[in-house]
Amino acid sequence: MKSNPMNARFFSGVGSLIALLLASFLNHDTAYGQTPVAEGHSHYHSHDSIVSHKLLFPSKTPDRIIANLTADPAHSFAVNWRTDQQIATGYVEIAEATDGPGFVLSGIRHVKAVSERFENQNSREPLVKAVFHSAVVSGLQPNTTYVYRVGDGSKALGTWSEWFQTTTANDTADEPFSFIYFGDAQNSVKSMWSRVIRNSYRQFPEVDFMLHAGDLINDRDANVEWGEWFYAGSFIHATIPSIMTPGNHEYRDGVLSSLWKPQFTLPENGPTTAVKETCYAIDYQNLKMISLDAVAFDEYEESREVQVKWLDSILRNNTKKWTAITLHYPIFSTAKGRDNKVLRETLKPLLDTYKVDLVLQGHDHTYSRGFAENEGKGLTVVNDVGTMYAVSVSGPKMYESKDQDWMVRRGEFTQLFQIITVSEDTITYGAYTPIGTLYDAFELVKKNGKRQLINKVPDSPVRLRKDFIKEE
């Protein structure tokens, strides 16, 4: 199940200058002086830039600020941030947003954070000492915009963040909402993934949350890489709540990144403490959103059994009209030479039985979207359609794919983000490139328990590696 390095596999035999340049970018991140090393390791030099130093080391001023969805997103949200160890405590100040600065005069709530001293030293990086702060802000009103900032609770300059604005979910089930779905960011995050998340926000600023389908970075405990991920999203992370499921690059030797739980506050309603904040469920209006820990599922039979039993219970008792699952490993693999047979044979019967609508995945560094019953027919309208599966990639690391009958649309060598809008009777899905080109689209319409697929694939050719990279 481990990723294969891109350099030998992807660019073998490529003679063009563009291929050489891209290989250089993906294996030598000039943004912070990285020299070529084996995939899975980060690199840091004492002569790195000031920017890299700030990405790595915390200060008194809060950084890596991120909002996360809770299990009750209409009435609460979670927020995490980091400071140096001179700041021992943390607070959130929050108020209902106003048209001007009047919110600072009255009605500000103070929520004390849980603050945790933390140290880690990744291979080829210096020791990083920090305090991670996390808070769940509850008791909020649905569909309401709030302003908040995080800091140490004092009046000292430089110990507070700026004020951010975020909006709670609606408590009305049939009110439309949208979210962004990202496949693997993973490599060259600051230099080449940043434009994807930033343009997704520029193009669709009214989205309600973001979903990351694993492999947010390449090396699970590399502070520089995590710093780049937060830098790329900047204020977007603090404004639009996120959820994430771990990929194999958030793990090593079966152990989850030590930074996962300090950096994120995710629901703790999963089956066991072993997959706390990696396997969980969220009710967002009329959608049941479920995260499965695919890596623990794959590597540990006990975790597999526990997650399957939990998922069966969650789906059996689900009262939401729409259901989506995110996990890192695909049910149907798209990259050449990959096949997650155990995952598919274990999970697909549940997805079929409970008529799960969407499965959102990563890992294979290509794009594919379709359904098991497609059989290569390429129909525009399909009645009583089964579960829709999507595999996507938002970062620059690319593999080749294998054309399969279940696929309605596939693509290679293309960074993408997906905008998914959920309304009372329809899910609308669009996959976009970083420059805003629509690459794939469909609608799922559900009425009286029956699901209809309307394919809206743009009239443009399938994007394949061979069209961009000319072999010698």
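Helices and strands here are DSSP runs, numbered from the N terminus. With that in hand, let's walk through this predicted model.

## The whole protein

The protein contains ten helices and 25 strands. It has 472 residues, and 58% of them count as buried. The outside is worth a glance too: the protein exposes about 18,900 Å², and carbon and sulfur atoms supply 51% of that area.

How do distant parts of the chain meet? Take the contacts between residues at least 6 apart in sequence: 71% of these join residues at least 24 apart. You will find several such partners below.

## Two nonpolar cores

In soluble globular proteins, nonpolar side chains tend to be buried together. In this model, the largest nonpolar core has 93 residues. Which residues have the most contacts inside this core? They are Phe179, Trp229 and Phe264. Strand 9, residues 177–182, gives the core its largest share, five residues. A second core, separate from that one, has 17 residues, among them Phe77, Trp81, Leu140 and Ala238.

Trp229 deserves a closer look. Once neighbours within four places in sequence are left aside, Trp229 is in contact with Ile66, Val189, Trp193, His212, Leu216, Ile217, His237, Met244 and Phe264. Val189 and Trp193 will come up again in the next section, as part of helix 4.

## Helix 4 meets helix 5

Two packed helices are described by the angle between their axes and the distance between the axes. For helix 4 (residues 189–203) and helix 5 (residues 223–233), the axes come within 8 Å and cross at roughly 35 degrees. The crossing of helix 4 past helix 5 is right-handed.

Which residues make the contact? On the helix 4 side they are Val189, Lys190, Trp193, Ser194, Ile197 and Arg198, while helix 5 brings Glu228, Trp229, Tyr231, Ala232 and Gly233. Sorted by class, six residues in this contact are nonpolar, two are polar and three are charged.

Gly233, one of the helix 5 residues in this contact, is also interesting by itself. Is Gly233 buried or exposed? Gly233 has a relative accessible area of 0%, so it counts as buried. Gly233 and Arg195 lie 38 residues apart in sequence, yet their C-alpha atoms are 9.1 Å apart in space.

## Partners far along the chain

Gly233 is one example of a residue with a partner some way along the chain; the table lists others, with C-alpha to C-alpha distances.

| Residue | Partner | Apart in sequence | Apart in space |
|---|---|---|---|
| Ala135 | Ala78 | 57 residues | 5.7 Å |
| Leu379 | Val408 | 29 residues | 8.6 Å |
| Lys446 | Trp322 | 124 residues | 8.8 Å |

Ala135 sits in strand 6, which spans residues 128–137. Its relative accessible area is 4%, so Ala135 is buried. Not counting residues up to four places away in sequence, Ala135 touches Phe77, Ala78, Val79, Val92, Val111, Lys112 and Ala113. Phe77 in that list is also one of the residues of the second core.

Lys446 belongs to strand 24 (residues 438–447). Is Lys446 buried or exposed? With a relative accessible area of 11%, Lys446 is buried, because buried means under 20%. Leaving aside neighbours within four places in sequence, Lys446 is in contact with Lys321, Trp322, Asp357, Asp425 and Arg451.

Leu379 is in a loop, the one between strand 18 (367–371) and strand 19 (381–383). At 43% relative accessibility, Leu379 counts as partly exposed.

## Two residues with positive phi

Most residues other than glycine have a negative phi. His363 has a phi near 80 degrees, a positive value in a residue other than glycine. Asp384 also has a positive phi, near 55 degrees.

Where are these two residues? His363 is in the loop between strand 17 (358–361) and strand 18. Asp384 is in the loop between strand 19 and strand 20 (388–391).

Are they buried or exposed? His363 has 1% relative accessibility and therefore counts as buried. Asp384, at 52% relative accessibility, counts as exposed, since exposed means over 50%.

How values were computed: Residues numbered from 1 in each chain as written. Predicted model: local features only at pLDDT ≥ 70, side-chain atom pairs only at ≥ 80, totals over all residues. Heavy atoms only, no water. Axes fitted to C-alpha atoms, helices over the stretch in contact; angles between N-to-C directions. Helix = DSSP H or I, 4+ residues; strand = E, 2+ residues; numbered from the N terminus. Left-handed = near helix turned anticlockwise from the far one by under 90°. Contact = heavy atoms within 4.5 Å. Nonpolar A, V, L, I, M, F, W, Y, C, P; charged D, E, K, R; others polar. Buried < 20%, exposed > 50% of the residue type's maximum accessible area, 1.4 Å probe, protein only. Areas by Shrake-Rupley, 256 points an atom, 1.4 Å probe, with all protein chains shown as cover. Core = buried A, V, L, I, M, F, W, Y, C linked by side-chain atoms within 4.5 Å.
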